[in-house]
Amino acid sequence: MFDDNEEKYISKRYLHFDKRVHLNGKIKNYLMNPDKVASHAFFPLIYFPLEFEKFNEEKKRLGERPVKSKKREIMYASHLDNFVYKYYAEKLNDYYNFWLERNNLDECSIAYRNNKKGRSSIHFSAEVISTICNFKNCYIIVGDFEDFFGSLDHQLLKKRLSNVMETERLADDWYNIFKSVTKYSFYEKSVLESNLGKDRKFFEKKKFIYFESVKDFRDFKKKHKVQRNDEAFGIPQGTAISAVMANVYASTLDKDLNELVRELGGFYRRYSDDFIVVIPKYFYNELELTKFINVKADIFKTIKEHGLKINADKTDCFYFSENKIVDLKKLNFGKIDYLGFQFNGSSVRMREKSIYKFYRKAYSLIKKGKDVQAEKGLQKPIYRRRIYRLYTDLGVEAPNHGNFISYAKKAQFIFDRDSPKTNNLMMWQLENRKKKVEKMLGYKIHTKV
């Protein structure tokens with residue numbers, strides 16, 4: 001269990017209610033002991049609403065700054081709790097993978113799978129788009145589940161966990177895990193900061209724990225009541241086990257939708273809360289639009305019956321024919337937006353918001369460097385190495401991660417190989433990257449593109 005996955009148990013430097021832990025023999029024995037986990041007392045999670053800017057095509061069309069604010073509710077576990085969740089997430093992933101194989105669903109659920117190593121959203125997107133091209137004429141639904149993690153019914157989740165694990169009753173250790181992510185408790189980060197101080201205060205003292213002792217933590221709890229999820233639904237987004245729990249919850253839905261769509265000669269894929277259905281027109285003696293509308297109604301009804309809701313704003317229907325995509329809602333030519341790529345029937349591009357974010361972040365860092373340069377009277381802007389590593393070809397071969405240009409090159413290669421019928425434009429989108437970054441810097445960079 002640990003031999004191939006020890007890199008997942010890195011001791012991270014973040015503030016929480018317990019000390020940082022390292023994956024040593026003692027911790028391994030603790031995680032592998034069901035009795036210990038069954039009686040493990042989980043600390044409250046820390047709730048942190050992550051606010052960020054999202055690209056908005058409508059604002060760009062109107063000539064406005066093309067962004068709008070968006071908030072994602074993230075909760076993160078204490079250090080030891082995080083290791084417990086990681087360990088049990090791996091075990092649950094194994095159960096889930098076996099269940100998918102037994103039910104011939106291995107290709108339907110494609111996110112957060114520990115047996116999909118080496119494959120990413122680029123591979124999945126290229127496969128889907130290539131299949132659409134091979135169908136020549138087909139109907140497509142690209143959808144999104146509303147508040148996916150926050151809407152999961154606890155009793156259904158428990159039932160589906162038992163089903164996937166092939167047990168009538170959850171063992172005590174599994175029940176404790178289940179209980180911790182359904183009836184979870186949490187503190188808002190803002191409450192901790194206002195009463196204990198900002199993170200910087202602790203980091204300057206090289207401390208990664210809020211309280212020196214359990215007694216101090218208990219005293220804090222007496223003064224500041226912990227919040228709890230008292231609803232019969234919802235799991236926190238952000239813990240190491242949340243994603244596979246959500247996959248298990250959707251297991252019966254995946255099975256029913258796959259059967260429904262395969263009967264029509266099509267295919268169904270789900271990537272977390274995003275799904276796509278593709279149905280060839282030639283099936284059933286030329287599947288017409290009225291028939292497709294009925295099929296769509298059956299799909300939406302099935303989703304509702306499984307305890308999930310469609311996000312109407314992010315769910316669209318299309319028709320593909322003669323290398324064109326028709327938006328059936330707007331009745332004009334459109335494009336499919338799937339897993340970070342846009343397909344208009346003939347060409348594939350990275351999402352425009354990805355390109356926008358790349359250059360916006362480069363500009364922000366370069367501007368910050370120039371401001372510090374002016375403030376301190378330096379000869380050259382600072383952060384140059386970081387700028388070169390993140391926003392130029394000098395960082396393409398950076399160890400472990402590369403940069404966005406690396407991602408674009410990888411996407412170009414995979415789409416050219418796996419989707420040869422499409423005109424793949426990833427590197428064309430970044431064709432002038434060197435000139436643009438040089439313009440921001442105010443001088444030329446000595447590197448080849």
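**Exercise 1. The small mixed sheet**

In this predicted model, S347 stands opposite N423 in β14. Work out which strand is joined to β14, in what sense the two run, and which strands of the sheet stand at the edges.

*Solution.* Start from the pair itself: S347 faces N423 of β14, and strand β13 (residues 347-350) is joined to β14 by two bridges, the two strands running parallel. Next, place this pair in its sheet, which is open, has four strands in the order β11-β12-β13-β14, and shows mixed pairing. The edges are then β11 and β14 (423-424), each of which has a single partner strand, so that one side of each is left without a neighbour in the sheet.

**Exercise 2. The six-stranded sheet and its hairpin**

Determine the order of the strands in the open sheet of six, and establish how β6 and β7 pair.

*Solution.* The order is β6-β7-β3-β8-β9-β10, and the pairing is antiparallel. At the edges stand β6 and β10 (332-333), and because each has a single partner strand, one side of each lacks a neighbour in the sheet. Turning to the pair in question, β6 and β7 are linked in the antiparallel sense over five bridges. Two of the bridge partners can be followed by residue: R269 has I276 of β7 as its partner, while Y271 has D274 of β7. Between the two strands of this hairpin lie two residues, and S272 takes a positive phi near 60 degrees there. A last step concerns burial, for which the cut-off is under 20% relative accessible area: four of the five residues of strand β6 (residues 267-271) are buried, so this strand, although at an edge of the sheet, is largely enclosed by the rest of the structure.

**Exercise 3. The two sides of helix α14**

Check whether the length of helix α14 agrees with its number of residues, and then decide which residues of α14 are buried and which are exposed.

*Solution.* Begin with the length. Helix α14 (residues 289-305) has 17 residues, and since the expected span is 1.5 Å times one less than that number, the helix should span 24 Å; its end C-alpha atoms are 24 Å apart, in agreement. Now take the buried residues of α14, which are F292, V295, I299, T302 and I303. They lie on the same side of α14, because the arc that they cover around the axis is only 100 degrees. On the other side, T290, K301, K304 and E305 are exposed. The cover over the buried residues includes β3 (138-144), α12 (251-262), β7 (274-280) and β8 (316-321), and β3, β7 and β8 are strands of the six-stranded sheet. After the helix comes G307, which has a positive phi near 80 degrees.

**Exercise 4. Two residues with positive phi**

Most residues other than glycine have a negative phi. For E166 and L339, find the value of phi, name the loop in which each is placed, and say whether each is buried or exposed.

*Solution.* E166 has a phi near 55 degrees, which is positive in a residue other than glycine, and its place is the loop between α6 (154-165) and α7 (172-182). With 60% relative accessibility, against a cut-off of over 50%, E166 counts as exposed. L339, also not a glycine, has a positive phi of about 50 degrees, and is found in the loop between β11 (336-338) and β12 (341-343). Its relative accessibility is 11%, so L339 counts as buried.

**Exercise 5. The surroundings of S78**

Locate S78 in the chain, and identify its polar contact and the residues that it touches.

*Solution.* S78 lies in the loop between β2 (67-76) and α4 (79-102), and because its relative accessibility is 0%, it counts as buried. The side chain of S78 makes a polar contact with the side chain of D81, at 2.9 Å. Leaving aside residues up to four places away in sequence, S78 touches Y14, H16, D18 and F43.

**Exercise 6. The chain as a whole**

State how many helices and strands the chain has, and examine how its radius of gyration relates to the globule rule.

*Solution.* The secondary structure comes to 19 helices and 14 strands. The radius of gyration is 25 Å, close to the 22 Å that the globule rule gives for 449 residues, so the chain is as compact as a globular protein of that length. Buried residues make up 48% of the 449 residues.

Key
Residues numbered from 1 in each chain as written. Predicted model: local features only at pLDDT ≥ 70, side-chain atom pairs only at ≥ 80, totals over all residues. Heavy atoms only, no water. Buried < 20%, exposed > 50% of the residue type's maximum accessible area, 1.4 Å probe, protein only. Arc of directions from axis to C-beta. Contact = heavy atoms within 4.5 Å. Pairing = 2+ DSSP bridges. Polar contact = N/O pair within 3.5 Å; in protein donor to acceptor, adjacent residues only side chain to side chain. Rg over C-alpha atoms; globule rule 2.2 N^0.38 Å.
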